[in-house]
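Here are a few worked exercises to try with the model open on your screen. Have a go at each task before you read its solution.

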Amino acid sequence: MKYTMDEVMKFIEEEDVKFIRLAFRDAYGTQKNISVMPTEVKKAFKDGAPINAKVIAGFEDCPYASLYLKPDPNTMAILPWRPDSGKVLRMFCNMYTPDGKEYTADTRYILKQAMEKAEEAGIKFKFGTETEFYLFLKDEDGNPTKTPYDEAGYMDIAPLDKCENVRREISLTIERMGLTPERSHHERGPGQNEIDFHYASPLRAADQMTTFKMVVSTIADRYGLLADFSPMPLPGKPGNGYHINLYAEDKDGNDVAKYAAAGIIEKIRDITLFLNPTEGSYSRLGNNLAPDKINWSTAGESELMYIETFNGQTRAELRSPDASSNPYLVYALLIYAGLEGIEKKAELPQEMADDAMHLPTSKKEAAKIAESSEFVKKIVPEGIVKEYTRN
């Protein structure tokens, strides 16, 4: 739903909102925020709320001492776990420079630019997500352990599945915040869960993923648990994937998702660093059912990309990313790679080809490829590339 500043101000007054969280993200997509009082919201809309840019990961080389957060009114949501009296409202923000221009290294801005590029080309992208996470117990002092909340397996039910009530509360909380979870279930690992979302526009899907991770962590903590999205929380057990479903059509309604998928496959080595930004990411790839080769199939096994056509619409599911990635940056890179594939009408390689190349096997290898990629240089600001490759 679209809102104006005046509608937001009216909502704040009518709903007894006392604190407004202005949320933004660093180069890795980690959510940050500052809180302001209702009297400061109009000023934030008009001039922005200042933050110290140089202490934000990826912005160390920012030429400005301060950046300014201007809220996007369309992202407003009440935090349901806060008190009903003196409510807390959250809005995602765009970053601006002191001269009133959007900050080009803000990954939300990078995604918006990618969406504009797609619109100019007459292409409409949508993304859906399937995200996995573990739930671990905490000790008597509240410190996290590596003891899973249960020992259930794939799609088990209660009483084996002790996570059922947690997933239910997560899904209901997300729904109260205006998002639409599609399905949830216990995954293969002990204490491992999956919650999936309907497809949405790229910006909404990225905002949705950011909200989702916050809600999962908050609800888990209320149950005395730790939510772990890391790629390989437990050695020898299934890792946490972040599967991204892509749909694409042109201005005439023609399905062009296979061309987009071919473009992504062509660029996947260049962009893997940003889809898999931690050392643990590469421990996951190639283990259990996580992909390690650049291939695709219609079988739904361990391929990089699973492609199916159902009711006349093609869905391309990219299975290599993990949730340590920044969804804004990931979706931007997928859009640009997909657009190249669509423009060239690129053909998919042979299905499950025996000579398929491997994905990078380490962060070091992925960083080296990204640093030398002309495709990456055109999209990702130098400061962000430096942040991802500095180690």
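**Exercise 1: Backbone oddities in the loops**

Task: Work out whether Met-155 is buried, partly exposed or exposed, then look at its phi.

Solution: Start with accessibility: Met-155 has 48% relative accessibility, so it counts as partly exposed (buried is under 20% relative accessible area, exposed over 50%, partly exposed in between, with a 1.4 Å probe and protein chains only). A quick word on the ground rules: this is a predicted model, where local features need pLDDT of at least 70 and side-chain atom pairs count only at pLDDT 80 or more, while totals for chains, interfaces and linings use all residues. Residues are numbered from 1 along each chain as its sequence is written, and side-chain values use heavy atoms, with hydrogens and water left out.

Next, the backbone. Met-155 has a positive phi, near 55°. Its place is the loop between strand 8 (144-148) and helix 4 (164-176) (helices, H or I with at least four residues, and strands, E with at least two, are DSSP runs numbered from the N terminus). Pro-159 lies in the loop between strand 8 and helix 4 too, and a cis peptide bond joins Ala-158 to Pro-159, with omega about 10°. Why flag these? Most residues other than glycine have a negative phi, and most peptide bonds are trans.

Finally, check Asn-311: its phi is positive as well, about 50°. Asn-311 is exposed because its relative accessible area is 70%.

**Exercise 2: A cluster of rings**

Task: Find which rings pair with Phe-229.

Solution: The whole structure holds ten aromatic pairs (rings of Phe, Tyr and Trp, the last by its six-membered ring, with centres within 6.5 Å; planes under 30 degrees apart are stacked, over 60 edge-to-face, the rest tilted).

1. Phe-133 makes a tilted pair with Phe-229, at 5.4 Å centre to centre and 40° between the planes. The two sit 96 residues apart, Phe-133 in strand 7 and Phe-229 in the loop between strand 11 (225-228) and strand 12.
2. Phe-133 is buried because its relative accessibility is 0%; Phe-229 is buried at 10%.
3. Phe-212 pairs edge-to-face with Phe-229, at 6.1 Å and 75°. Phe-212 belongs to helix 5 (residues 202-222), so this pair ties together parts 17 residues apart in sequence.
4. Put together, ring pairs link Phe-133, Phe-197, Phe-212 and Phe-229 into a cluster.
5. Lys-213 lies over the face of Phe-229, 5.6 Å from the ring centre (the rule: NZ of Lys or CZ of Arg within 6 Å of the centre and within 35 degrees of the ring normal).

**Exercise 3: One face of a helix**

Task: Sort the residues of helix 9 (residues 363-371) into buried and exposed sides.

Solution: First list the buried ones: Lys-363, Ala-366, Ala-367, Ile-369 and Ala-370. Viewed down the axis of helix 9, they fall within an arc of 165°, so they line one face (the arc is that of the directions from the helix axis to the C-beta atoms). Then turn to the other side of helix 9, where Lys-364 and Lys-368 are exposed. The general background: an α-helix has 3.6 residues a turn, so residues three or four places apart point the same way.
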